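Visitor: Could you take one part of this assembly and go through it closely, with the cut-offs stated? I would like to know how it is divided and what it touches.

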Amino acid sequence: MKPPPFHYHAPHTLQDALAIVGEHDNTRLLAGGQSLMPMLNMRLLSPDHLVDINRIPELAGIREDRGGIVIGAMTRQRDIEFSPLIRERLPLLAEAITLVGHRQTRNRGTIGGSICHLDPSAEQPAVAMAMDATLTVASQRGVREIAMRDFALGLMTTALDDNEILTSIRIEPWRSGHGWAFIEYARRHGDFAIVSVAVLLELDAAAKVVRVALTLGGVCPVPLRLREAEKQLLGSALTSANVAKVAEQCAGIDALDDPQVPRWYRRRVAATLLPRAIAIAAERARARDGDS
Amino acid sequence: MNGGEKMISVTVNGQAFTRPVSSRRLLADFLRHDLALTGTHLGCEHGVCGACTVLVDGVSARSCLMLAVQANGCKINTVEGLAPDSGDGEAMHPLQEAFWSRHGLQCGFCTAGILMSLVELLRDVEAPTEEQVRLVLSGHLCRCTGYQNIVAAALEAARSMSAQAR
Amino acid sequence: MMADDQGAADGKHSPRIVGTKAKRIEDRALLRGRGKFLDDIHIDGVLHAAFLRSQHAHARLRAVEVSAARKAPGVVAVFDAQAMRAELTDLRMPLGFPSSTLPANITPFVLSEREVCFVGEAVAMVVATDRYLAEDAVGLIQVDYDPLPAVTDCKSAFENSEPRARSDSPSNVIERVELAYGDIAAAFGPANRQFKESLFIHRGMAHPIEGRGVLARFDDTSSELTVWSSTQMSHELRQVLADLLGMEPDRVRVIAPDVGGGFGAKYLVYPEEIAVAAATRHLRRPVKWVEDRMEHFLSAIQDRDQYWDVEIAADNNGKIQGIRGRMIHDQGAYTPQGINLPYNSVSSLTGPYIVPAYQMSLFVCQTNKPAVIPVRGAGYPQAAFVMERLMDRIARELQIDRVEVRNRNLIPKEKMPYNKQLKSRAGVIAVIDSGDYAACSRKAVDAIDYAGFPSRQDQARATGRYLGLGFAHAVKPTGRGPFESAVVRVTPAGRVVIYTGAMAMGQGLATALAQLCADQLGVPLESIDVSAGDTSRVSLGLGGFASRQAILAGSAVHLASLEVRQKAIKVAQHVLEVAEQDLVLQNGRVEVLGVPSHGISLASIARKLKGSPGYALPPGVKPGLEATSLFQFDAQAFANATHACEVEVDIGTGDVRILRYIGVHDSGRLINPMIAEGQIHGGIVHGIGNSLYEKMRFDEIGQPITTTFADYLLPTATEIPNLEVLFHESPSPTNPLGVKGIGETGTIPVIACVISAVENALGPFNVRIREAPLSPIRILEMIDEGRAQ
């Protein structure tokens with residue numbers, strides 16, 4: 001299984017990269033390569049132009065900016081995994097990243113590559129949706145910002161135009177003392193999640209929900225925020241009855257359906273994992289109670 | 001049209017090479033056939049089996065998922081560079097010694113990739129737990145050993161490397 | 001013919017290496033990346049082959065247009081079926097195992113000409129200067145397919161005469177076998193309890209991490225063809241090449257390089273090997289083909305589906321009275337070798353148990369899928385699964401403990417050798433040579449703490465966790481004959497070389513054989529070189545399959561080494577003028593006991609026996625310090641195993657986690673316990689794959705759905721617990737070493753054991769499991785079905 005022929009470009013600046021994608025049709029960006037290269041090797045894709053953006057330093061890096069965390073699109077998953085800043089400010093992402101593939105793929109894989117590939121089972125898009133990330137996208141025409149919920153249009157389809165490149169992801173951390181949990185069910189360690197659940201929680205001193213985000217990955221074509229359920233939980237305590245009611249709503253999700261993994265199974269696993277994730281997040285939130 | 005040729009310079013196991021490559025040539029094929037370093041193997045060419053794992057600038061990577069042109073300017077380590085240089089050429093790296101003592105290989109086809117991943121682990125973590133070893137190994141497929149003796153060999157190598165360091 | 005015949009009256013020579021955990025002589029080269037697997041072999045000027053493979057499960061081939069491909073960059077030749085036919089005596093492969101009952105015209109074609117019958121069938125071959133360009137050119141070949149209906153399930157192939165998987169095949173059922181013994185009517189009489197089960201089992205593929213590969217070179221000067229192949233059967237490959245290329249076998253040399261696993265996938269002569277050799281001879285240039293993983297998924301052999309409808313009769317004490325039923329087996333579109341896989345399944349069903357009456361009908365059915373021949377385990381795992389499900393059924397229905405009901409039926413040690421009343425493929429009645437099944441059972445029961453499990457299970461349930469325990473026995477005949485070859489030679493430089501027709505594929509063959517030789521010749525392991533599977537070194541050989549090498553090759557090496565030893569002693573006696581009983585072999589010399597300085601090296605003896613013109617050899621001694629053995633073997637040595645495991649089932653996701661796994665194994669005397677244990681580890685993990693992870697899926701028109709390692713799941717280190725292996729040794733009286741095979745036994749009871757454990761965990765939900773592998777989805781479905789009742 002060898003790749004088909006293509007013209008190879010390795011620009012050193014974002015402007016050069018944008019010029020190439022602006023000028024040519026049938027181009028593909030080569031980021032970490034962990035998703036693209038298998039497809040090229042299997043000849044599932046035949047781009048005329050391959051634009052290797054691994055040599056553009058400005059596209060990688062993790063920094064704080066006006067209270068938010070900005071992660072360059074070409075930041076390696078490995079660097080996210082070992083970043084003290086991420087661990088402290090975005091613990092949901094830190095937890096999720098350890099479930100992404102294997103050490104060997106995280107060394108090269110990038111957060112931007114995963115978000116743009118938008119596999120329904122991927123963990124990083126799920127975190128981006130859970131945290132209402134803002135994506136910065138550049139083209140020769142300029143720069144625009146897109147909310148994650150508007151970026152993920154459908155099954156492996158993003159709002160990126162052919163001549164655009166994702167440059168960074170901005171995430172506003174939840175306040176110190178929040179609870180979080182990212183769990184998933186996969187057949188083997190490192191496999192894509194059949195179902196993943198991301199929970200973010202803020203509780204008040206009376207253990208009532210002040211803020212909550214519930215996100216399912218793997219269930220729908222794009223990560224699904226359970227916004228109705230989130231609304232219902234606001235102001236309530238996380239009793240087993242309340243949590244059970246949230247889990248029951250999984251039965252009504254318009255989930256992906258295929259002969260290997262039928263709709264009912266995704267719904268059922270989501271309903272199983274949601275309470276578990278909420279319990280973990282609640283435990284973590286309570287542990288930091290003294291902070292607020 | 002073979003996608004055009006580029007000149008690349010790479011350092012492999014400490015030795016510098018400059019070679020022309022077709023831009024679509026996989027790093028694995030470049031190492032194996034252009035540099036005759038056939039110790040690294042190809043098992044799947046889609047990034048799951050791990051047999052092709054090498055170190056690129058010190059971190060493990062699937063050489064079937066990299067183009068040779070991407071390795072331009074990089075330092076690569078393969079299994080051939082593991083054993084220390086010694087007069088009689090007989091000495092082996094503690095990992096290799098441990099694999100030998102503990103029967104950590106059977107057909108040997110997946111072994112090189114596993115050794116490179118373990119080199120990285122033992123460099124980063126001095127006393128890994130069994131769980132940590134199994135997590136690293138989860139990126140590798142072995143059909144022969146059932147992983148048991150590989151785990152034992154990794155833990156033994158960690159102990160012996162720790163002891164040597166003291 | 002017991003195993004004490006070590007030929008050393010002294011008992012005082014070098015410490016025995018056989019039976020020890022000697023480090024392998026193969027390892028250092030492999031660890032340093034100096035192995036030479038097929039694709040590691042370089043020949044200047046080598047060309048690379050790539051195949052065009054059918055995209056349809058069943059279609060007429062109207063036209064194959066290769067002209068555009070021929071003109072593509074780097075392309076040297078393109079062969080379609082017609083061009084290939086011109087190179088061969090027959091476009092059709094020969095049947096691997098001769099049969100008087102199978103119909104004609106069931107084997108694959110080297111390249112398909114008129115009809116394609118599975119997705120992946122080779123239609124054309126491109127030969128180019130590199131693989132990248134070859135694949136480009138394959139993309140330029142135009143094929144006009146006329147799709148035909150595809151047969152995608154062997155049960156419907158059995159039940160429906162149309163559609164047929166192959167147009168030239170009169171029926172989808174290519175073979176029917178009836179096995180029977182005893183009074184089955186009496187067994188199923190009214191006095192006995194009777195239970196019916198319908199079971200389905202699927203076993204996936206071999207997937208050695210190194211795929212297939214072949215490299216051929218034709219020497220114009222000598223008109224000899226050399227073929228390197230990642231194969232488990234060098235001599236058979238040579239014969240088939242000679243036959244199809246119309247060459248004398250002596251002009252064809254097959255060499256097996258280092259082989260990166262076989263597991264049955266390489267125990268076959270494949271169309272690609274013939275095509276590459278034919279291209280080499282035609283082009284007079286070396287040609288190499290290296291299978292990629294997708295090709296393995298599409299065109300390497302598979303193990304796949306069996307449907308069993310069986311009934312068991314037992315008395316009120318749970319003693320088996322009889323078993324009867326029917327099995328439908330998925331053979332695939334072509335039969336390249338024979339039907340030994342399903343035959344093994346139906347003829348071995350009774351396993352370690354006393355079964356007074358038996359009747360089984362086997363229907364071998366064609367489907368539009370790749371060919372089926374044995375993957376490691378060879379049909380025995382399926383039989384063990386069915387038999388152990390039946391035992392669990394009896395236990396449940398009669399309310400007898402699962403281990404106890406098995407104990408009541410196990411063949412006792414005192415009844416060995418035990419006549420199984422069913423014939424092996426060779427037509428020989430299966431006789432179990434030795435084994436102590438009750439002892440193995442006790443060992444497993446103790447190791448898993450069977451007695452303490454009910455309370456562990458109850459405590460877990462109280463916290464909403466579902467633990468289960470599984471238990472299974474299996475028996476495997478090992479040592480498929482009729483013979484294996486070995487040459488043992490001491491060179492004048494003092495090295496010992498062993499040549500054998502047996503084949504290495506990772507199982508430590510070289511070390512095991514070297515250990516056997518070292519014990520006889522008193523030389524260090526490092527001074528022994530073993531070459532397996534090179535047809536120019538030994539003229540006859542059968543290869544690596546059926547867990548036969550320890551017995552067959554081992555015995556051959558042992559006997560040849562013994563002969564060399566005796567020769568060396570005879571010469572030393574003559575030269576040193578000392579009696580035989582005063583001589584000892586150690587450190588590569590024959591020395592006088594107690595006076596090590598008084599001796600002669602084996603190297604010197606070899607030099608003497610090389611002969612010089614005019615000088616007589618010592619009296620009664622033939623030239624050459626070497627011996628050849630063709631060890632013949634018609635019996636079977638029966639290895640056995642008892643497995644026990646603990647699992648936890650997550651009823652919210654259907655996930656199964658294996659918490660503990662115990663394997664008690666008896667493979668007779670162990671040549672190298674470390675290697676033996678490694679074989680069991682690998683076999684168990686393969687079996688876990690078959691239980692929970694590995695399924696070759698096809699859609700309703702025969703398109704394979706699982707074609708990458710992302711879809712087809714092999715277990716990794718995080719899915720496997722620590723494996724606890726215990727050995728029991730019942731030496732086999734069938735061979736001079738007392739050994740039994742071990743390569744497959746680890747795999748055989750696993751599916752039965754894991755499935756039994758999952759069912760045990762889901763007891764509260766009334767779950768009955770009748771299939772394997774089990775996916776989490778099926779587990780939740782079964783829980784729902786059980787709850788609904």
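Guide: What follows deals with chain B and its contacts, and then with a sheet in the partner chain. This is a predicted model, in which local features need pLDDT of at least 70 and side-chain atom pairs count only at pLDDT 80 or more, while totals for chains, interfaces and linings use all residues. Residues are numbered from 1 along each chain as its sequence is written, and chains are lettered from A and ligands numbered from 1 in the order in which they are written.

Chain B splits into domain 1 (5-81) and domain 2 (94-165), with bounds from an automatic or database domain assignment. Over C-alpha atoms, the centres of these two domains of chain B are 22 Å apart. Contact, here C-beta atoms placed from the backbone lying within 7 Å, links 16 residues of domain 1 to 12 residues of domain 2 in chain B. On the domain 1 side, the elements giving two or more residues are β3 (53-56) and β4 (59-62) of chain B; helices (H or I, at least four residues) and strands (E, at least two) are DSSP runs numbered from the N terminus. The largest share of that side, 3 residues, is from β3(B). By class that side holds 8 nonpolar, 8 polar and no charged residues, where Ala, Val, Leu, Ile, Met, Phe, Trp, Tyr, Cys and Pro are nonpolar, Asp, Glu, Lys and Arg charged, and the others, Gly among them, polar.

Towards chain C, 43 residues of chain B are in contact with 46 residues of chain C. On the chain B side, α2 (94-102), α3 (111-124), α4 (130-137) and α5 (148-165) each supply at least two residues. Of these, α2(B) gives the most, with 4 residues. The chain B side has 21 nonpolar, 17 polar and 5 charged residues.

Chain C itself contains an open sheet of 4 strands, ordered β21-β20-β19-β25 with mixed pairing; strands pair if DSSP finds at least two bridges between them. β21 (528-532) and β25 (626-632) of chain C each have a single partner strand, so one side of each lacks a neighbour in the sheet. Neighbouring strands are turned by 15° against each other on average, direction ignored, with axes being lines fitted to C-alpha atoms (for helices over the stretch in contact) and angles running from 0 to 180 degrees between N-to-C directions. Strand β20 (496-500) of chain C runs parallel to β21(C), joined by 5 bridges. Y499(C) has S531(C) of β21(C) as its bridge partner. Helix α15 (509-521) of chain C lies across β19 (483-490), β20 and β21, at about 135° to β21(C).

Technical notes. Contact = placed C-beta atoms within 7 Å.
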